[in-house]
Amino acid sequence: MKNLTEKKIQQSIDDRKKTHLTFLENVKTYKPFLELEEKAFRNGALTKKTKELMALSISIATKCEPCMEWHLDQALQHGATDEEIYETIDVAIEMGGGQAGAYARFVLKAMEYFKQKNG
């Protein structure tokens, strides 16, 4: 049986996939947001990996678990190392204090989840 955090991560992934088309068809701001996201995260002076790590840090500081799950997965897919993720957590804790430290635990569990899932 999966633990609560694994269930939460999988539920976030499932919810995003289930609502994607509904949002595209019905939410006027969704497609422009996806276009903005694509432009913001493409490689430029900063790599996509660096931008995903930045977004992960912001996600921790703002306590958005679905955002943490998404940006962690994207960072890992673009080659982020454990050390880079831990330093990202350092920045989030410096910016967000104790609450960010508490939410960063979710990132560590999500990191375990994605490593197991992706081999």
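**Exercise 1. The lining of the largest pocket**

Determine which helix of this predicted model gives the largest share of the lining of the largest pocket, and describe that lining by class.

*Solution.*

Step 1. Helix 2 supplies the largest share of the lining, with seven residues.

Step 2. The full lining comprises 17 residues. The elements that give two or more residues to it are helix 1 (4-26), helix 2 (30-41) and helix 4 (65-77).

Step 3. Sorted by class, the lining residues are ten nonpolar, four polar and three charged.

Step 4. Nearest the centre of the pocket lie Arg16, Phe33, Leu34, Glu37 and Trp70. The space in this largest pocket amounts to about 550 Å³.

**Exercise 2. The packing of helix 3 and helix 5**

Establish how helix 3 and helix 5 are oriented relative to each other, and which residues make their contact.

*Solution.*

Step 1. Two packed helices are described by the angle between their axes and the distance between the axes. For helix 3 (residues 48-61) and helix 5 (residues 82-118), the axes cross at roughly 15° and come within 8 Å.

Step 2. Angles under 35 degrees count as roughly parallel; helix 3 and helix 5 are therefore roughly parallel to each other.

Step 3. The crossing in which helix 3 passes helix 5 is right-handed.

Step 4. On the side of helix 3, the contact is made by Lys49, Leu53, Leu56, Ser57, Ile60 and Ala61. Helix 5 contributes residues including Glu84, Ile85, Thr88, Ile89, Gly96, Tyr103 and Val107.

Step 5. By class, the residues of this contact between helix 3 and helix 5 are twelve nonpolar, three polar and two charged.

Definitions and conventions: Residues are numbered from 1 along each chain as its sequence is written. This is a predicted model: local features need pLDDT of at least 70, side-chain atom pairs count only at pLDDT 80 or more; totals for chains, interfaces and linings use all residues. Side-chain values use heavy atoms; hydrogens and water are left out. On a 1 Å grid over the protein atoms alone, a cavity is a set of points where a 1.4 Å probe fits but cannot get out, and a pocket is an open set with protein on both sides within 12 Å along at least five of seven lines; lining residues have an atom within 4 Å of a point. Grid points are joined across faces, edges and corners, and a volume is the space filled by probe spheres set on the points. Helices (H or I, at least four residues) and strands (E, at least two) are DSSP runs, numbered from the N terminus. Ala, Val, Leu, Ile, Met, Phe, Trp, Tyr, Cys and Pro count as nonpolar, Asp, Glu, Lys and Arg as charged, and the others, Gly among them, as polar. Axes are lines fitted to C-alpha atoms, for helices over the stretch in contact, and angles run from 0 to 180 degrees between N-to-C directions. Angles under 35 degrees count as roughly parallel, over 145 as roughly antiparallel, 65 to 115 as roughly perpendicular and the rest as oblique. A crossing is left-handed if the near helix is turned anticlockwise from the far one by less than a right angle, and right-handed if clockwise. Contact means heavy atoms within 4.5 Å.
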